[in-house]
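Visitor: Hi! Could you walk me through this structure?
Guide: Happy to. Here it is.

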Amino acid sequence: MARIALALPLSDEDRLGIDLVRHGHELAGRCSSADELAALLATGRADYAVVAATARYLNDRLIVEADAAGVRIIALVAQESERRHAAELGLHETADAASEWSQLELMLLGSPAFTAPAAVDPTRGTVIAVWGPAGSPGRTTLSIAIAAELAAAGHTVALADVDTHSGSIAPAIGLLDEAPGFAAACRLAGSDSLNRAELERIGQRYATARGGFWVLTGIGRPSRWPELSAERVSRVIAECRTWVDYTVLDTGASLENDEEISSDLFAPRRNAATLTALADADRVIAVGSADPVGLSRFLRAHVDLVEVVDSERVAVVMNRVRASAIGLDAAAQVRQTLLRFGGIAAPVLIPHDQAAVDAAVLSGKTLADVAPRSPARLAVAGLVAERILPPVAIERRQGRRARTRVARTQFRRA
């Protein structure tokens, strides 16, 4: 028996209220508004809730209270505008307003009829976090490029926007961000409902002939950062490991730990998502901008990064390397500066190619799709091959290329 609360128009309330009692459940309450239901959920008297997907019965406060109480919500939608309203609040569990109670019961109680079983995968997916200091060094651009290269190599990939300050993956590759996929995943993780089927339902697909990948878009409003708590982010990352081969996390810049409230262990923290992503990642790509200001910012922030992440897991990437900003022999000067002032050896350098990056942003596509021969794209491909993909995979790919060259030579001779 489950305790179920309702916040519905009178006709739907009467119909579903009678049916749920007949099926052996307890009607925890009939509420006339979202605020009234939120107050009820705060008392802990309900396990589930069924609401109408209108502003009267579904709002931000209700979502927050439901998350805090661990209550799963099903929203009933009568038209597309109501479905969008629910999605904007991060609620993807919706059903048609005319649904019978038997259908809603299956959804609420997690019946296999509504949850596709996750395939058993003995492998453990790899998680890559892309971080950089403040100042737009190219975190999002690099995250997208890495995901594209991994997908092009034949792997299943998920790209997640974990930035609680300025999520921007969705507009960068032409996807809608009305419904933040990563926040929705965190909500599902908080109610123990996250699995592969749910991730594929809330994720968006970036499709390309070179290899597509899944995208969990970021929060559209920075005020929604409390939804991305450390525990939820960690659980989403763990689930992504069983979902795809590689998960790429675009993180925020700030590494501050909110020390002024550290005495309260349960207080939410603005940078918890970034810190958790860095802590849980197998590999951290630290990116900085290769100009005097960008190098200074990176070196100062790198000191804080290595306090959070083991230096063995960090690969340093300097973006937009160009002589016009750093002087003659720009690559050598960048390497010398990093080694002298940060003890950083063998960084990956990405040449500046503004035309190619602008073309990618303008078209809402990846760098590999728009300018496959761009020096910047080729540098990212080298980064993926040398620092992310396992050596066995690289050797196999090189072996295939060698065999192809031999076959072509023999064909020509014949």
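Guide: Let's start with a cysteine: C240 is buried, with a relative accessible area of 2%. Buried means under 20% relative accessible area, exposed over 50%, and partly exposed in between, using a 1.4 Å probe and protein chains only.

Visitor: Where do these values come from?
Guide: This is a predicted model, where local features need pLDDT of at least 70, side-chain atom pairs count only at pLDDT 80 or more, and totals for chains, interfaces and linings use all residues. Residues are numbered from 1 along each chain as its sequence is written, and side-chain values use heavy atoms, leaving out hydrogens and water.

Visitor: Back to cysteines, how many disulfides does the structure hold?
Guide: Zero. A disulfide here is a pair of cysteine sulfur atoms within 2.5 Å.

Visitor: Why is there no bond between C186 and C240?
Guide: Because the sulfur of C186 is 9.5 Å from that of C240, its closest cysteine sulfur, which is too far.

Visitor: And is C186 buried or exposed?
Guide: C186 counts as buried, at 0% relative accessibility.

Visitor: What about the protein chain overall, how much of it is buried?
Guide: Of its 414 residues, 50% count as buried.

Visitor: New topic: how many helices and strands are there?
Guide: The protein chain has 18 helices and 13 strands. These are DSSP runs numbered from the N terminus: helices are H or I with at least four residues, strands are E with at least two.
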